[in-house]
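Work through the exercises below with the model open beside you. Try each task before reading its solution.

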Amino acid sequence: MKRIDTERQTKLKKRRAAPLATPTDLSAEATRELSGVLNGILADVFALYLKTKNFHWHMSGPHFRDYHELLDEQSVELFGMTDDIAERVRKIGGPTIKSIGHIARLQRVLDNDADFVQPLDMLAELREDNKDLASHLREAHNICDTHRDIATASLIENWIDQAERRTWFLFEASRNADSTGH
């Protein structure tokens, strides 16, 4: 009896000392590559979320309400992606981003700290950022295909559709208007 308890305690101590090691049938290389690309996407989504909220908070002009509501809807959708992306990284056995600084090191979305941005410039900037996100998601999908990671690829397909929808809405909201949104 004592021998079993000792063995259990030894195994327990070993598990506690072990690094994060989520069981997966993906190779170590696949986990490393997929985690890397997904963490880059996660950083971009956080940066795009904050930029979208920034423009939402600082929107002005005659179409304020429509643009304000549109950007609020889009920011909610972006924030909703973050947990799914991070949890997918963890499910495949990788570590995820841990801080604002980590996001800043990985993000490809450029910040906009200007005191004032014209409404249509906001929409155009977000449109391009969402279009770029869709492109990065397609690149990530290719890595999923390489490693036969069907579950991540399936999630990415939905995120591409969402990014394309945001791009479309931002494009249509700004068609045939001047820089003030008229």
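## Exercises on helix packing

Contacts link helix 2 and helix 5: Glu-33, Leu-34, Val-37, Ile-41, Asp-44, Val-45, Leu-48, Lys-51, Thr-52 and Phe-55 of helix 2 meet Met-122, Glu-125, Leu-126, Asp-129, Asn-130, Leu-133, His-136, Leu-137, Ala-140, Ile-143 and Cys-144 of helix 5. By class, the residues of this contact are 13 nonpolar, 3 polar and 5 charged. The model is a predicted one.

**Exercise 1. Classify the packing of helix 2 against helix 5 by direction and by hand.**

Step 1. Take the angle. The two axes cross at roughly 165 degrees and come within 10 Å.

Step 2. Apply the cut-off. Angles over 145 degrees count as roughly antiparallel.

Step 3. Conclude. Helix 2 and helix 5 are therefore roughly antiparallel.

Step 4. Add the hand. The crossing of helix 2 and helix 5 is left-handed.

**Exercise 2. Do the same for helix 3 and helix 6, then describe their contact.**

Step 1. Locate the partners. Helix 3 covers residues 64–91, and helix 6 covers residues 150–173.

Step 2. Read the geometry. Their axes lie 11 Å apart, at an angle of about 165 degrees.

Step 3. Assign the direction. Helix 3 and helix 6 are therefore roughly antiparallel.

Step 4. Assign the hand. Helix 3 and helix 6 make a left-handed crossing.

Step 5. List the contact. Helix 3 contributes Tyr-67, Leu-70, Leu-71, Gln-74, Glu-77, Leu-78, Met-81, Asp-84, Ile-85 and Arg-88. From helix 6 come Ala-151, Thr-152, Leu-155, Trp-159, Gln-162, Arg-166, Phe-169, Leu-170 and Ala-173.

Step 6. Sort by class. The contact of helix 3 with helix 6 has 12 nonpolar, 3 polar and 4 charged residues.

**Exercise 3. Describe how helix 5 and helix 6 pack.**

Step 1. Start with distance and angle. The axes of helix 5 and helix 6 come within 8 Å and cross at roughly 160 degrees.

Step 2. Name the arrangement. Helix 5 and helix 6 are therefore roughly antiparallel. Their crossing is left-handed.

Step 3. Sort the residues. The contact of helix 5 with helix 6 divides into 15 nonpolar, 4 polar and 7 charged.

**Exercise 4. Which residues of helix 3 are buried, and which helices do they pack against?**

Step 1. Check the span. Helix 3 has 28 residues and reaches 41 Å between its first and last C-alpha, close to the expected 40 Å.

Step 2. List the buried residues. These are Tyr-67, Leu-70, Leu-71, Gln-74, Ser-75, Leu-78, Met-81, Thr-82, Ile-85, Ala-86, Arg-88 and Val-89.

Step 3. Find the partners. The buried residues of helix 3 pack against helix 2, helix 5 and helix 6.

Step 4. Zoom in on one of them. Thr-82 has a relative accessible area of 7%. Beyond its neighbours within four places in sequence, Thr-82 contacts Leu-42, Val-45 and Phe-46.

Step 5. Look past the end. Gly-93 follows helix 3 and has a positive phi, near 95 degrees.

**Exercise 5. Is Ser-35 buried or exposed, and what does Ser-35 touch?**

Step 1. Place the residue. Ser-35 lies in helix 2.

Step 2. Test accessibility. The cut-off for buried is under 20% relative accessible area. Ser-35, at 5%, is buried.

Step 3. Collect contacts. Not counting residues up to four places away in sequence, Ser-35 touches Ala-30, Val-89, Ile-92, Gly-94 and Pro-95.

Step 4. Check a long-range pair. Ser-35 and Ile-97 are 62 residues apart along the chain, and their C-alpha atoms are separated by 9.8 Å.

**Exercise 6. Set His-147 beside Arg-148: is each one buried or exposed?**

Step 1. Place both. His-147 is in the loop between helix 5 and helix 6. Arg-148 is also in the loop between helix 5 and helix 6.

Step 2. Compare accessibility. His-147 counts as buried, at 16%, whereas Arg-148 is exposed, at 71%.

Step 3. Find what His-147 touches. Leaving out residues up to four places away in sequence, its contacts are Leu-26, Glu-29, Ala-30, Glu-33 and Leu-34.

Step 4. Inspect the backbone of Arg-148. Its phi is near 55 degrees, a positive value in a residue other than glycine. Most residues other than glycine have a negative phi.

Technical notes
Residues are numbered from 1 along each chain as its sequence is written. This is a predicted model: local features need pLDDT of at least 70, side-chain atom pairs count only at pLDDT 80 or more; totals for chains, interfaces and linings use all residues. Side-chain values use heavy atoms; hydrogens and water are left out. Axes are lines fitted to C-alpha atoms, for helices over the stretch in contact, and angles run from 0 to 180 degrees between N-to-C directions. Helices (H or I, at least four residues) and strands (E, at least two) are DSSP runs, numbered from the N terminus. Angles under 35 degrees count as roughly parallel, over 145 as roughly antiparallel, 65 to 115 as roughly perpendicular and the rest as oblique. A crossing is left-handed if the near helix is turned anticlockwise from the far one by less than a right angle, and right-handed if clockwise. Contact means heavy atoms within 4.5 Å. Ala, Val, Leu, Ile, Met, Phe, Trp, Tyr, Cys and Pro count as nonpolar, Asp, Glu, Lys and Arg as charged, and the others, Gly among them, as polar. Buried means under 20% relative accessible area, exposed over 50%, partly exposed in between (1.4 Å probe, protein chains only). The expected span of a helix is 1.5 Å times one less than its number of residues.
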